[in-house]
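I opened this entry to look up how the helices pack and what the nonpolar cores are made of. The model is a predicted one, and I kept that in mind throughout.

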Amino acid sequence: MAIRETLKGGKGEVIKNPKVFIDPLTVFKDIPFREDILKELAIAVRYFVKNSVKFSTLFLGLTGTGKTFVAMYMFNEIEEVKKEDKDYDGIIQAYVNCREVGGTPQAVLSALTEKLTGIDVPKHGINLGEYIERIKEELMHHKALVYLDEVDTLVKRRGGDIVLYQLLRVDTDISVIMISNDINIRDYMEPRVLSSLGPTVFFKPYDAEQLKYILSIYAEYGLFKGSYNDEILSYIAAISAREHGDARKAVNLLFRAAQLASGEGIIRKDHVDRAITEYEQERLIEAIKALPFHYKLALMASIRAEDVVTAHKLYTDLATEYKQKPLSYRRFSDIISELDMFGIIKVKIVNRGRAGGIRKVIEVADKEKIMKALEETMQLEYEEGL
Ligand SMILES: Nc1ncnc2c1ncn2[C@@H]1O[C@H](COP(=O)(O)OP(=O)(O)OP(=O)(O)O)[C@@H](O)[C@H]1O
């Protein structure tokens, strides 16, 4: 019976329109707290379209500060303006997430060429200059606006910044918006790349007040009236502003809490607390999946062992099993300390009393979940040759 109620979405339902949370760009008419950035960008785009003044810009800011949101909003607005203003007719837009396509210069350039020309291009066996040539050819009669998201993954690859340089300097009408959440991205660029890069736009973290306002819009469009109150929004906003003002976290927490409250008609603090616990666990799993291979081996050994000495023995066996040269005890100990600092494991120093010396005892919470995450990624990495 309860399932039928849930299927029908009747009494006690909290979420009016989930699309607001899943695809917010379909709802947001403008983007609060990012109006100035959007206006400046719109002016640059207009000069580019109407007066052929090329531009490039770097959106820089921590995660969840609205960089991709602003870029995609602009993308959509330009597509709309195309319908009204003839000058925009010949504009081609291409959005590429550098990490998602693989991050290498080859992968990014082939994805970009494909998007700009609309033709499949080989992903291997063709040199980088040829991609640029194909882009140039296509852009003899068009102008292109290129969005390179997570561009830090490209820049950190060998030759990655040179690809950017070529794109920025190519003798065609191409403007580039780059997006990065790595604040140090510019340290990875050669001086000549840096000097051809346009201005950097900083996305400041939202404060609790701003996050609350943002949440109130999601709640207004996405939730039923009366299913939330001011305190709940303030609570989520305060928590999301604590590390840094991450709107993604705030919106996710509200959506998850609303799902947990489904059937109960109102979001309570304990729904939010459960959503936070889940969120933190997911983050931990993500962090574990992103660890370097030997850290994963060390973590796996730590789960099975009680102290650091035993863990090192197990680690050595594991490394051999995975055909890796084991690291020394000293280096292993450093890794263990780092895992402790990340909060993934806990190392406690226990005095052995009269026998002398100390024993470093390892404690790991959520062993099963961590093990599962490790097994999933390690096998893959191993098969792909690390
Ligand atoms: N000003 C805003 N108004 C409404 N929602 C926002 C705003 N800023 C961010 N968001 C929400 O936060 C989510 C994350 O933002 P976005 O994808 O732009 O992050 P980002 O800065 O690109 O971070 P990352 O570097 O992690 O990709 C968006 O999908 C959107 O739901």
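**Helix packing and cores**

I began with helix 11 (residues 208-222) and helix 13 (residues 247-260), which pack at an angle of about 40° with their axes 10 Å apart. Angles from 35 up to 65 degrees fall in the oblique class, so helix 11 is oblique to helix 13. I noted the crossing of these two helices as right-handed. Looking up the residues that meet, I found Leu-211, Ile-214, Leu-215, Tyr-218 and Ala-219 on the helix 11 side, against Ala-247, Ala-250, Val-251 and Leu-254 on the helix 13 side. By class this contact has nine nonpolar residues, with no polar and no charged ones.

I then turned to helix 15 (residues 293-304) and helix 16 (residues 308-321), whose axes come within 8 Å and cross at roughly 130°; these two are therefore oblique to each other. Helix 15 passes helix 16 in a right-handed crossing. From helix 15, Leu-297, Ala-298, Met-300, Ala-301, Ser-302 and Arg-304 meet Ala-311, Leu-314, Tyr-315, Leu-318 and Ala-319 of helix 16, and I recorded nine nonpolar residues, one polar and one charged in this contact.

Last, I looked up the cores. The largest nonpolar core holds 43 residues, of which Val-96, Val-108, Leu-112, Val-146, Leu-148, Val-176 and Met-178 touch the most other members. Helix 6 (residues 105-117) gives the most to this core, with six residues. Setting aside neighbours within four places in sequence, I found Leu-112 in contact with Ala-94, Val-96 and Val-146. A second, separate core has 28 residues, including Val-14, Leu-233, Ala-250 and Leu-253.

How values were computed: Residues are numbered from 1 along each chain as its sequence is written. This is a predicted model: local features need pLDDT of at least 70, side-chain atom pairs count only at pLDDT 80 or more; totals for chains, interfaces and linings use all residues. A nonpolar core is a set of buried Ala, Val, Leu, Ile, Met, Phe, Trp, Tyr and Cys residues joined through C-beta atoms within 7 Å. A residue is buried if 20 or more other C-beta atoms lie within 10 Å of its own, exposed if 12 or fewer, and partly exposed in between; C-beta atoms are placed from the backbone. Helices (H or I, at least four residues) and strands (E, at least two) are DSSP runs, numbered from the N terminus. Two residues are in contact if their C-beta atoms, placed from the backbone, lie within 7 Å. Axes are lines fitted to C-alpha atoms, for helices over the stretch in contact, and angles run from 0 to 180 degrees between N-to-C directions. Angles under 35 degrees count as roughly parallel, over 145 as roughly antiparallel, 65 to 115 as roughly perpendicular and the rest as oblique. A crossing is left-handed if the near helix is turned anticlockwise from the far one by less than a right angle, and right-handed if clockwise. Ala, Val, Leu, Ile, Met, Phe, Trp, Tyr, Cys and Pro count as nonpolar, Asp, Glu, Lys and Arg as charged, and the others, Gly among them, as polar.
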